[in-house]
Amino acid sequence: MMLNSIVILVVIQVLLLMPSFFYYRKIIKKFNFKYPRLLNYLAVILMPSLYTSIFILLYIGVFAPIWRSKTFEPIKWCENKSIRYRMVNDLISSELLIGKTKKEVEKYLGIGFKENCWTKNTYCYFAPDPDNYAFLDHYELVVFFGLDHKVKRVEYLLI
């Protein structure tokens, strides 16, 4: 997915670079700058870095969360740990687990958890994010239970 995004970014930049060269030249001629040719080439060289910054911010803030999100499905959650990170946002935002007992949570998320991992009365489910390149750190879905042994909150935390 990331490689496709990079290819799209490069194609868009090449498409924007050609007309922008002529646009910058027109503006520079209009204002009679001292070194018009140098300014034109400088603008053509610097603008891709601006485009890249804008595209990276759009990718991180808008497109990546949309492409990565997936609706929570208990069967797929239990079968495949490598796609859990895609279901975490839906699971947390839907508040599906809030108010559930430990047995009900085990029914939805399975029994592959660590108990009392974050604090007392917590379940931690391994949900690695492949974009996290740290060797020692990983993400876990942490289910916090109250004194009544019902879910109070659910968080996706870097451990």
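Two strands pair if DSSP finds at least two bridges between them. Keep that rule in mind for the strand views below. The model shown in these figures is predicted.

**Figure 1. The whole chain holds five helices and four strands.** Follow the sequence and the pattern reads α-α-α-α-α-β-β-β-β. The C-alpha trace spans about 75 × 30 × 25 Å along its principal axes. The chain has a radius of gyration of 24 Å, while a compact globule of 159 residues would have one near 15 Å. Of the 159 residues, 28% count as buried.

**Figure 2. Strands S3 and S4 form a hairpin.** Strand S3 covers residues 139-145, and strand S4 covers residues 151-158. The two pair in the antiparallel sense. Seven bridges join them. Which residue of S4 stands opposite Phe144? The partner is Arg153. Another facing pair is Glu140 and Leu157, the latter in S4. Five residues lie between the strands of this hairpin. In the hairpin, His149 takes a positive phi near 65 degrees.

**Figure 3. A salt bridge joins Lys152 and Asp148.** The closest N and O atoms of the pair are 3.5 Å apart. Is Asp148 buried, exposed or partly exposed? Its relative accessibility is 43%, so Asp148 counts as partly exposed. The structure holds five salt bridges, and two others appear in Figures 5 and 6.

**Figure 4. Strand S3 also pairs with strand S2.** S2 covers residues 122-126. S2 and S3 run in the antiparallel sense, with five bridges between them. Tyr125 has Leu141 in S3 as its bridge partner. How covered is S3? Six of its seven residues are buried, and S3 is mostly covered. Glu140, with a relative accessibility of 2%, counts as buried.

**Figure 5. Glu115 and Lys102 meet in a salt bridge.** The distance is 3.9 Å, taken from N to O. Glu115 lies in strand S1 (residues 114-115) and Lys102 in helix H5 (residues 102-109), so the pair ties together parts that are 13 residues apart in sequence. Now look at how covered the two partners are. Glu115 is partly exposed, because its relative accessibility is 46%. Lys102 is buried, with a relative accessible area of 17%. Why does Lys102 count as buried? Buried means under 20% relative accessible area, and the value for Lys102 is 17%.

**Figure 6. Lys114 and Glu140 form a salt bridge.** The closest N and O atoms are 2.9 Å apart. This pair links distant parts of the chain: Lys114 sits in strand S1 and Glu140 in strand S3, 26 residues apart. Lys114 counts as partly exposed, because its relative accessibility is 44%. Glu140, by contrast, counts as buried at 2%. The view of Glu140 ties back to Figure 2, where Glu140 stands opposite Leu157 in S4.

**Figure 7. Cys117 and Cys124 form a disulfide.** How many disulfides does the structure hold? There is one. The sulfur atoms of Cys117 and Cys124 are 1.6 Å apart. The angle about the S-S bond is 85 degrees, and the link is right-handed. Cys117 counts as partly exposed, at 30% relative accessibility. Cys124 counts as buried, at 3%.

**Figure 8. Cys78 sits too far from the closest cysteine sulfur for a bond.** Where is the closest cysteine sulfur to that of Cys78? It belongs to Cys124, and the distance is 16 Å. A disulfide needs sulfur atoms within 2.5 Å, so at 16 Å Cys78 is too far from Cys124 for a bond. Cys78 counts as partly exposed, because its relative accessibility is 38%.

**Figure 9. Seven residues make a nonpolar surface patch: Phe31, Phe33, Leu39, Tyr41, Leu42, Ile45 and Leu46.** The patch has an area of about 700 Å². Which helix gives the most to this nonpolar patch? Helix H2 (residues 36-68) does, with five residues. Phe31 lies in another element, helix H1 (residues 2-31). Is Phe31 buried or exposed? The relative accessibility of Phe31 is 53%, so Phe31 counts as exposed.

Conventions
Residues are numbered from 1 along each chain as its sequence is written. This is a predicted model: local features need pLDDT of at least 70, side-chain atom pairs count only at pLDDT 80 or more; totals for chains, interfaces and linings use all residues. Side-chain values use heavy atoms; hydrogens and water are left out. Patches are made of residues with over 30% relative accessible area and no salt bridge: like charges are joined within 9 Å, nonpolar side chains (Val, Leu, Ile, Met, Phe, Trp, Tyr) within 5 Å. Accessible areas come from the Shrake-Rupley method with a 1.4 Å probe; for residues, only the protein chains shown count as cover. A salt bridge is a side-chain nitrogen of Lys or Arg within 4 Å of a carboxyl oxygen of Asp or Glu. Buried means under 20% relative accessible area, exposed over 50%, partly exposed in between (1.4 Å probe, protein chains only). The radius of gyration is taken over C-alpha atoms; the globule rule is 2.2 Å times the number of residues to the power 0.38.
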